[in-house]
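Work through these exercises with the structure open beside you. Try each task before you read its solution.

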Amino acid sequence: MTGNWSRRGFVGTLTAAAASLLSPRKSLAAKIASTESAATTSGFGQSGNPYQELGVPTVINAEGTMTMLGGSLGRPEVEAIMSQAAKHFVSIPALEAAAGKRISQMLKLPQGYTALVTSGAAGAIQSGLAGILTGDNDSFIKQLPDLTGMKSEVIIQKSHRNPFDHQLRGTGVKLIEIETRDQLRRAVNERTAMMHFTNFANAAGQIKVDEWVSLAKELKSPCMNDAAADTPPLSHLWDYANMGYDLITFSGGKAMRGPQCAGLLIGREDLVHYALLNNSPFEDTLGRGQKVGKEEIIGMIKALELYLAEDHDALAREWQQRLNTVSTQITKIPGVSTAFFTPDLANHVPHMQITWDTKVSLTTQQASQILRAGTPSIAIGGGEGRPGLAMSSFMLQPGEEQIIAEQMVKLFRKNLA
């Protein structure tokens with residue numbers, strides 16, 4: 001399998017996590033939570049830090065919205081409305097339909113488009129394809145991943161293969177790899193269920209995001225765009241629907257800061273309906289294990305409402321300033337350099353590349369492991385196909401940039417040749 005998938009993976013060293021110790025520091029948010037929990041919770045959680053009670057280290061997240069680290073930090077408003085939702089019973093299919101209608105209005109989606117709250121983008125990929133395969137045929141829904149009587153192939157660019165296509169393969173389909181436009185045209189046949197596009201790999205393939213959907217229309221094949229981590233920019237939430245993609249997937253627990261277990265499947269009303277029929281709460285379905293609770297559905301709507309109202313330019317300036325704070329201090333160490341960049345797709349926020357010459361006797365992997373195993377534990381690794389460490393700041397809590405700067409200065413000074 002080929003393709004650059006590290007932007008949505010965890011690039012830090014897991015073995016170092018076991019050696020890391022709990023940070024003695026507490027952010028303002030943690031102090032507030034501790035005070036509130038101590039007043040209302042007895043037994044497990046009474047300290048205000050349930051992770052500490054379990055002996056699981058918390059970390060400073062300088063990598064970004066990585067699922068392996070828990071995605072993002074939820075907003076108080078989202079937590080509050082999820083608590084409201086937990087106090088009532090409701091028909092989940094009816095709630096999903098109403099939520100989809102509200103989301104389509106919020107995003108001003110094209111006529112005939114709606115949305116489904118799913119168990120992350122991965123759940124959206126599998127449910128979306130399952131719906132294309134089965135339609136509303138109850139027998140087909142029950143027999144997946146046995147594709148007898150159904151279409152059985154999904155076309156994908158070779159450079160777009162990545163670990164997340166496991167969700168496609170989980171339906172039983174065969175992935176047909178192509179590289180050129182001519183190969184694509186020859187590959188489409190009566191067995192073709194869908195053409196799949198991996199958005200963060202747009203630059204890697206010969207067929208780009210806008211041409212892929214045009215070819216799908218020409219060849220009369222449904223097409224899906226996996227855009228899981230591709231907000232910001234905000235407009236991506238409706239750009240691909242306006243291009244004509246039949247289905248688009250997004251993670252809800254990344255930059256939108258919705259429930260970590262939530263995602264969005266945006267697309268044609270019929271295909272979204274078929275996806276729901278293949279998903280929880282319906283039994284004897286491939287997606288029954290991809291349960292999304294009433295609380296997560298409500299929380300996703302609220303998170304999206306808040307995300308749409310944010311001043312994204314101001315946030316980008318704040319994130320850049322955090323990086324500047326770290327850069328100013330660590331570049332005082334002989335041999336240490338920094339450079340700033342923003343990935344074109346996936347985690348499209350300010351990043352900083354940190355490199356050093358032979359004056360510092362450390363490899364990138366060693367630096368990452370030491371920082372992760374330190375006190376406080378800092379998650380930062382290599383990435384984006386660049387040498388050295390790659391740091392993002394948009395998942396930091398206030399003041400953590402200063403902690404990172406201090407720990408890195410200590411690390412580099414200690415290892416000066």
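**Exercise 1.** Find which residues Leu323 is in contact with, leaving aside its neighbours within four places in sequence.

*Solution.* Keep in mind that this is a predicted model. Start by placing the residue: Leu323 sits in helix 14 (residues 312-330). Next, list its partners. They are Phe340, Pro350, His351, Met352, Met391, Ser392 and Ser393. Now take one partner and check the distance. Leu323 and Pro350 are 27 residues apart in sequence, yet their C-alpha atoms are 8.1 Å apart in space. Last, decide whether Leu323 is buried or exposed. Its relative accessibility is 0%, so Leu323 counts as buried; the cut-off for buried is under 20%.

**Exercise 2.** Work out which strands pair with strand 10, and in which sense.

*Solution.* Locate the element: strand 10 covers residues 351-356. Take one partner, strand 9 (residues 336-341). Strand 9 and strand 10 pair in the antiparallel sense, over six bridges. Within this pairing, Val336 stands opposite Trp356 of strand 10. Then take strand 13 (residues 386-392). Strand 13 also pairs with strand 10 in the antiparallel sense, here over four bridges. In that pairing, Ile354 has Leu389 of strand 13 as its bridge partner. Finish with burial: five of the six residues in strand 10 are buried, and the strand is mostly covered.

**Exercise 3.** Classify the ring pair of Phe197 and Trp212, then the pair of Tyr240 and Tyr245.

*Solution.* Count the pairs to begin with: the whole structure has five aromatic pairs. For Phe197 and Trp212, the ring centres are 6.0 Å apart and the planes meet at 50 degrees, so this pair is tilted. The pair links distant parts of the chain: Phe197 belongs to strand 5 (residues 192-198) and Trp212 to helix 10 (residues 209-219), 15 residues apart. Both Phe197 and Trp212 are buried. Turn to Tyr240 and Tyr245. Their centres are 6.5 Å apart, with 90 degrees between the planes, and the pair is edge-to-face. Then check burial. Tyr240 has 4% relative accessibility, so Tyr240 counts as buried. Tyr245 has 0%, so Tyr245 counts as buried too. To finish, put the rings together: ring pairs link Phe197, Trp212, Tyr240 and Tyr245 into a cluster.

**Exercise 4.** Describe the second largest cavity by its volume, its lining residues and their classes.

*Solution.* Begin with the idea of the search. Rolling a probe the size of a water molecule over the atoms shows where empty space is left. In the whole structure, two cavities of 30 Å³ or more are found. The second largest cavity has a volume of about 40 Å³. Now read off its lining: Ile92, Glu96, Val117, Asn279, Ser280, Pro281, Gln290, Val292 and Ile297. Sort these by class. Five are nonpolar, three are polar and one is charged.

**Exercise 5.** Summarise the whole chain: how many helices and strands does it have, and what share of its residues is buried?

*Solution.* Count the elements: the chain has 16 helices and 13 strands. Then take burial: 52% of the 417 residues are buried. Finally, look at the contacts with a separation of 6 or more. Residues 24 or more positions apart account for 70% of them. Leu323 and Pro350 from Exercise 1 offer a check on sequence separation, at 27 residues apart.

Notes
Residues are numbered from 1 along each chain as its sequence is written. This is a predicted model: local features need pLDDT of at least 70, side-chain atom pairs count only at pLDDT 80 or more; totals for chains, interfaces and linings use all residues. Side-chain values use heavy atoms; hydrogens and water are left out. Buried means under 20% relative accessible area, exposed over 50%, partly exposed in between (1.4 Å probe, protein chains only). Helices (H or I, at least four residues) and strands (E, at least two) are DSSP runs, numbered from the N terminus. Two strands pair if DSSP finds at least two bridges between them. On a 1 Å grid over the protein atoms alone, a cavity is a set of points where a 1.4 Å probe fits but cannot get out, and a pocket is an open set with protein on both sides within 12 Å along at least five of seven lines; lining residues have an atom within 4 Å of a point. Grid points are joined across faces, edges and corners, and a volume is the space filled by probe spheres set on the points. Ala, Val, Leu, Ile, Met, Phe, Trp, Tyr, Cys and Pro count as nonpolar, Asp, Glu, Lys and Arg as charged, and the others, Gly among them, as polar. Rings of Phe, Tyr and Trp (its six-membered ring) pair if their centres lie within 6.5 Å; planes under 30 degrees apart count as stacked, over 60 as edge-to-face and the rest as tilted. Contact means heavy atoms within 4.5 Å.
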